[in-house]
Amino acid sequence: MRTGPVTDILVLGGGLAGLSASLYLARAGHRVRLLEQKEYPRHKVCGEYLSLEVVPYLQSLGADLYTLQPKMQSRLLLTGPGGTPVRQQLPLGGLGLSRYALDHFLAERATEAGAHIHTRQKVLALNLDEDGGEVRTQTGDRFRARVLLNATGKRSIVDKVLQRPFADRTAPWMAVKQHMAWAGCPEDEVQLHNFPQGYCGVSQVESGVVNVCYLVRTEALRQAGSLEQLERLFLSANPVLEQLLGDGQRLWKRPLVISNVSFARKTQRESQVLMLGDAAGLISPLCGNGMAMAIGAGRLAGEQVHAFLDGRISRTDMQRNYTRSWRRHFSHRLWWGRQVQAFFGTPGLTDLALRAIRYFPPVLHQIIRRTHGTPDYVS
Ligand SMILES: Cc1cc2nc3c(=O)[nH]c(=O)nc-3n(C[C@H](O)[C@H](O)[C@H](O)COP(=O)(O)OP(=O)(O)OC[C@H]3O[C@@H](n4cnc5c(N)ncnc54)[C@H](O)[C@@H]3O)c2cc1C
């Protein structure tokens with residue numbers, strides 16, 4: 001067992017929320033250590049459409065995403081389970097950027113800013129006290145800090161350790177992601193195709209490959225028996241997906257699969273630990289806003305932690321202010337995300353929603369506006 005150095009801030013998890021907070025706090029002059037269980041670069045299950053709202057904030061921290069040559073996406077194609085299409089301009093738009101490139105890029109920027117990023121360090125245990133806490137990782141290393149930020153995503157061992165209520169409950173959704181070569185998705189378009197028991201996002205990323213990522217009820221896999229059958233029986237009920245799965249070329253031997261995807265309500269703080277990104281609440285992937293929310297939460301936490309470590313506010317104020325600002329920015333988006341998912345995830349209601357959007361296009365604009373932020377909220 002090795003005792004690691006004492007530091008100002010320990011960030012658990014190096015996805016977008018953890019990297020955003022690390023970059024912000026390292027640039028503000030604090031000692032930051034981030035513990036990530038994997039190594040960069042690595043793929044992640046995600047639709048890889050990043051709302052433009054966070055681009056100015058990242059630019060202000062010296063992370064210019066345009067250097068990664070993302071695809072500029074400004075149009076949305078929605079189809080119902082039977083393939084009926086609805087097309088619209090996206091009010092703000094976003095970038096098609098792989099998590100492989102994006103997370104690695106932010107990890108490099110955070111390191112340049114002075115953050116210490118420890119990869120292959122899976123957090124297994126926490127020991128909290130009034131002055132912060134200590135963390136133990138799988139390698140037996142220990143790290144101590146005055147402030148702990150949990151950014152380990154939708155569901156992790158940290159949630160179990162902190163005895164968060166959702167950690168032991170199973171959830172009815174699973175997600176599958178594959179990169180493909182397919183000519184049916186223009187680079188400026190994000191496609192969202194419904195099928196019985198789920199929906200599938202299709203869009204290009206920086207290299208021109210097409211990200212195909214779907215969320216589906218686990219029950220459908222149980223009925224189908226295998227992923228291959230699931231795609232044949234459920235996804236291919238939508239003619240656009242049938243064409244994609246028939247004509248597209250799969251670039252990976254096996255897709256990435258995650259299970260137990262939960263949209264349960266969560267708290268933004270447990271004891272001393274602030275929760276960031278999906279650890280604080282996961283918005284329906286239909287909204288295409290989880291990544292921007294994770295990056296935004298990194299900034300909101302960064303501001304409060306910075307004020308605390310500078311001696312301008314107390315620990316209690318830091319915790320209270322963060323929770324309040326998180327709720328002010330994100331609670332209503334999660335609420336809207338739940339309503340949208342209820343409509344698009346339910347047969348019959350999906351067609352009704354699409355008809356409403358087709359005959360009254362402002363409905364979709366309203367939905368997008370209510371599930372997204374504006375570029376100034378994080379600038
Ligand atoms: C199917 C699907 C499609 C989506 N599509 C989109 C989309 O198109 N656009 C969008 O904006 N959002 C999308 N999202 C949401 C988006 O992916 C998440 O909101 C975002 O990744 C949250 O970032 P995060 O940093 O909170 O968590 P993550 O990105 O999950 O990062 C968590 C990190 O913590 C690490 N970790 C976990 N446990 C430990 C541990 N014990 N010790 C150390 N490290 C640990 C993990 O390895 C990981 O790197 C989608 C989500 C799903 C499920």
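Where does Asn238 lie, between which two helices? Asn238 sits in the loop that runs between helix 6 (227-233) and helix 7 (239-247). Keep in mind as you explore that this is a predicted model.

## Asn238 and its surroundings

Is Asn238 buried or exposed? Asn238 has a relative accessibility of 0%, so this residue counts as buried. The side chain of Asn238 also has a polar partner: one of its polar atoms lies 3.0 Å from the backbone oxygen of Gly80. Once the neighbours within four places in sequence are set aside, Asn238 is in contact with Thr79, Gly80, Pro81, Gly83, His193 and Asn194.

## Following the trail to His193

One name in that list deserves a visit of its own. His193, a contact of Asn238, belongs to strand 11. His193 counts as buried because its relative accessibility is 0%, while buried means under 20%. With which side chain does the side chain of His193 make a polar contact? The partner is the side chain of Gln191, at 2.9 Å. Leaving aside neighbours within four places in sequence, the contacts of His193 are Leu77, Thr79, Tyr199, Cys200, Val202, Asn238, Val240 and Leu241. Thr79 therefore turns up twice, in the contacts of Asn238 and in those of His193.

## Aromatic pairs

How many aromatic pairs does a search of the whole structure find? The search finds three. Here are two of them to look up in the structure.

| Pair | Centre to centre | Angle between the planes | Arrangement |
|---|---|---|---|
| Phe195 and Tyr214 | 6.0 Å | 85° | edge-to-face |
| Trp326 and Phe330 | 5.4 Å | 70° | edge-to-face |

The pair of Phe195 and Tyr214 links distant parts of the chain, 19 residues apart. Phe195 comes from strand 11 (residues 189-195), and Tyr214 comes from strand 13 (residues 210-217). Phe195 is buried, with a relative accessible area of 3%, and Tyr214 counts as buried at 3% relative accessibility.

Trp326 and Phe330 both lie in helix 9 (residues 315-344). They are four residues apart there, about one turn of the helix. Trp326 and Phe330 are both buried.

## Around the ligand

Now turn to the ligand. Which of the 34 residues around the ligand come nearest? They are Glu36, Gly47, Tyr49, Arg99 and Asp278. The residues of the shell divide into 13 nonpolar, 13 polar and eight charged.

Some atoms can be followed one by one. A backbone N or O atom of Gly47 lies 2.7 Å from a nitrogen atom of the ligand. For Tyr49, a backbone N or O atom is 2.8 Å from a nitrogen atom of the ligand. Lys44 takes part through its side chain, with a polar atom 3.1 Å from an oxygen atom of the ligand. Taken alone, the ligand exposes 1,000 Å², and the protein buries 96% of that.

Which elements give two or more residues to the shell around the ligand? They are helix 1 (16-27) and helix 8 (290-309). Helix 8 gives the most, with three residues.

Conventions. Residues numbered from 1 in each chain as written. Predicted model: local features only at pLDDT ≥ 70, side-chain atom pairs only at ≥ 80, totals over all residues. Heavy atoms only, no water. Near = heavy atom within 4 Å. Polar contact = N/O pair within 3.5 Å; in protein donor to acceptor, adjacent residues only side chain to side chain. Areas by Shrake-Rupley, 256 points an atom, 1.4 Å probe, with all protein chains shown as cover. Nonpolar A, V, L, I, M, F, W, Y, C, P; charged D, E, K, R; others polar. Buried < 20%, exposed > 50% of the residue type's maximum accessible area, 1.4 Å probe, protein only. Contact = heavy atoms within 4.5 Å. Phe/Tyr/Trp six-rings, centres within 6.5 Å; stacked < 30°, edge-to-face > 60°.
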